[in-house]
Every structure is written in C-alpha cells, then in structure tokens.
Amino acid sequence: MGIVGEKLDIDFVISTGDNFYEDGLKGVDDPAFYQSFIHMYTAPSLQKTWYTVLGNHDYRGDVEAQLSPILKQKDSRWLCMRSFILDGEIVEFFFVDTTPFVEEYFTDPGEHTYDWEGVLPRLAYVSKLLKDVDSALAQSKAKWKMVVGHHTINSAGHHGSTEDLKQLLVPILEANNVDAYINGHDHCLQHIIDNNNGIHFITSGGGSKAWSGDVKPWKLEELKLYYDGQGFMSMQITKSTAYIIFYDAFGKVLHTWSISKDRNVAAWI
C-alpha cells in the first residue's frame, strides 16, 4: 500500500470498517489502536488522513472509543464518525453507518454483545439516517457521488448481499444517481456493475484475513472481479473519469476499470 500510495501521490485513505478485530476497541487506551493502525501503516505515503466508518465488529467493542478525539491526539491521521461527508470538490464521499440497518444484530445477536448506545431506538435512528443521506445526495453538486459503508449491498462473497440495505438504501442511491457504493464486510476484493441501475458495487475487504474459495454464483455479465485473497484498491478521479485499480497484498494489479461520466462508456483499461 505504501509503495502504491507513493506512486499515486494519494490524498487520503478510506477504511471500510471492522477496523479492530475481533471485538473493536476496549477503550481509548486499547493497545490494538497501536498494533493495528499506528504501528501497521507506517509508510510515508500513508501519513494522510484516514476516513473511517464503523463495521459490525467495531460495534462489539466500545464504539465511543473509536469516535473519540483522544485517538486523533494519539495519531492525527485518524478520523472516524458514524456518518459524514467528505467533500473532494469534483467528488463527494458519503459515509453511512450501515451496522444499525441489519436487524439480525438486534434480534439474534447470538454470543455477541453490541454497543448500541447512541443508536437506540433503532428504527428512529435508521429512519433519520436515510432522510439525511437522501437529502445530502440530492443537494450535492459534485460530479461524482460515492457512498461508503461497511456492509455489502451486492456481493458474491461469504456474507452475500445485505437485504436490509437493498430494501432501504438502494432506492436512495438510484434516485440520486450515485456512481458507486464502496464497502468491506466480505473478506475479498470484488467489482459488480448492477445491470438494472448501473451502480458499481465495489468490495474492498481484503485488508486482513481472507476466505479462500468462498464465493457464491453471480451473473458473469455483472461480476467483473472476484478475488478471494488479501489486497486493497485505489481510485483516481478526474472530472470525466474515475479510474479503479485492485491490487493483491504484494501490489500486483488484479483488475482495472474506468468509469466515465457518460454511463454508456465504461471499460477495462
């Protein structure tokens, strides 16, 4: 990542959640923050702001610890909020807190304990978040609109598609001409272009463990990439084109794609 970051002269990094395994942070002084972030991403090119969302594993720990300004005092790169907007002028990234959308975490948590402080009552929280996302997307004047969340929407991976998000969030993405939805959750690298709405569903979940061979059937005309190993991705955006590159853990290019603002023009590079 550091080598690619230097080559591309990156402006920032996005993390798609599940930032600390297995159960988030225990508090602001949890050594995992040093082990899994500060002492992990040491390359000079990665000393940029990290815009971070929460994943379901993060909700199993102290959520407020990850949101705390104390972590930013420990490392100025760290920026984590539940939902927020990153304004990149020609592009806006809309970060959405997707874990509360998944009803199963509330009704059948199994052996896990979740930190729902600030989220309950769930339906009111999700309803307000949907209205806020819809309003922000509608008001956006950016040429590109990208939505970032932890959970999958369309995925051939282990977890598969998240039906709660398909029902509640996808209509808002479609109505506001969102170009791409970027997520983690499934431990793979994946690129799906939905034939119905043209939205690019991009999974970058290969930052740690990966699930080899764990893939479900999917329409080949939609599934442009499925890689069941570790890796990461980059995105370069101009006014007319977004260039996406997927890499394995050693920086080898696995898949490239260009998205044009003319939605009828999109192809491998």
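Entry 1, terms and the Asp75 pair. I take a residue as buried when its relative accessible area is under 20%, as exposed when that area is over 50%, and as partly exposed in between. With this cut-off in hand I looked up Asp75 and Arg77, and both residues come out as buried. The two also form a salt bridge, in which the closest N and O atoms are 2.9 Å apart. I note for everything that follows that the model is a predicted one.

Entry 2, the other salt bridges. I find six salt bridges in the structure, and I looked at two further ones, beginning with the bridge between the side chains of Lys74 and Asp29, where N and O are 3.3 Å apart. Lys74 belongs to helix α4 (residues 69-74) while Asp29 sits in the loop between β1 and α2, so this bridge ties together parts that are 45 residues apart in sequence. Checking accessibility for the two partners, I get a relative accessible area of 28% for Lys74, which is therefore partly exposed, and one of 60% for Asp29, which is therefore exposed.

The next bridge I looked up joins the side chains of Asp132 and Lys128, with an N to O distance of 2.8 Å. Asp132 and Lys128 are separated by about one helical turn, because they are four residues apart in helix α6 (residues 122-139). Asp132 has 38% relative accessibility and so counts as partly exposed, whereas Lys128, at 52%, counts as exposed.

Entry 3, a first annotated site. I turned to the UniProt record, an unreviewed entry, where one "binding site" annotation covers Asp18, Tyr21 and His187. These residues are spread over 170 residues of sequence, yet they cluster in space, with a largest C-alpha distance of 13.0 Å.

Where does His187 lie? I place His187 in the loop between β7 (180-183) and β8 (189-193). Its relative accessible area is 7%, and His187 is therefore buried. Not counting residues up to four places away in sequence, I list Tyr21, Gly205, Lys209, Ala210 and Trp211 as the residues that His187 touches. One of these, Tyr21, also takes part in a polar contact, since I find its side chain 3.0 Å from the side chain of His187. That polar contact joins two residues which the record places under one "binding site" annotation.

Entry 4, a second annotated site. The unreviewed UniProt entry also lists Asp18, Asn56, His150 and His185 for "binding site". Here the residues are spread over 168 residues of sequence, but again they cluster in space, and the largest C-alpha distance is 8.3 Å. Asn56 and His185 are among the lining residues of the second largest pocket, to which I return below.

I looked at Asp18 with care, as the record names Asp18 in both annotations. Asp18 is located in the loop between β1 (13-15) and α2 (32-38). With 9% relative accessibility, Asp18 counts as buried. What is Asp18 in contact with, leaving aside its neighbours within four places in sequence? I find Leu54, Gly55, Asn56, His57, Asp58 and His150, and of these Asn56 and His150 are listed with Asp18 in the record. I also note that the side chain of Asp18 reaches the backbone nitrogen of His57 at 2.9 Å.

His150 was my next stop, and I find this residue in the loop between β6 (144-149) and α7 (163-168). Is His150 buried or exposed? At 1% relative accessibility, His150 counts as buried. Its side chain reaches the backbone oxygen of Thr16 at 2.8 Å.

Entry 5, the second largest pocket. For this pocket I get a volume of about 280 Å³. How many residues line the second largest pocket, and which lie nearest its centre? The lining is made up of 18 residues, and Val102, Glu104, Tyr105, His159 and His185 are the ones nearest the centre. Turning to secondary structure, I see that α5 (104-107) and α7 each give at least two residues to this lining. His185 thus appears in my notes both as a residue listed in the record for "binding site" and as one of those nearest the centre of this pocket.

Definitions and conventions
Residues numbered from 1 in each chain as written. Predicted model: local features only at pLDDT ≥ 70, side-chain atom pairs only at ≥ 80, totals over all residues. Heavy atoms only, no water. UniProt positions renumbered as here; feature names shortened; annotations may be inferred. Buried < 20%, exposed > 50% of the residue type's maximum accessible area, 1.4 Å probe, protein only. Contact = heavy atoms within 4.5 Å. Polar contact = N/O pair within 3.5 Å; in protein donor to acceptor, adjacent residues only side chain to side chain. Salt bridge = Lys/Arg side-chain N within 4 Å of Asp/Glu carboxyl O. 1 Å grid on protein atoms, 1.4 Å probe; cavity = no way out; pocket = protein on both sides within 12 Å on 5 of 7 lines; lining within 4 Å. Points joined across faces, edges and corners; volume = space filled by probe spheres on them.
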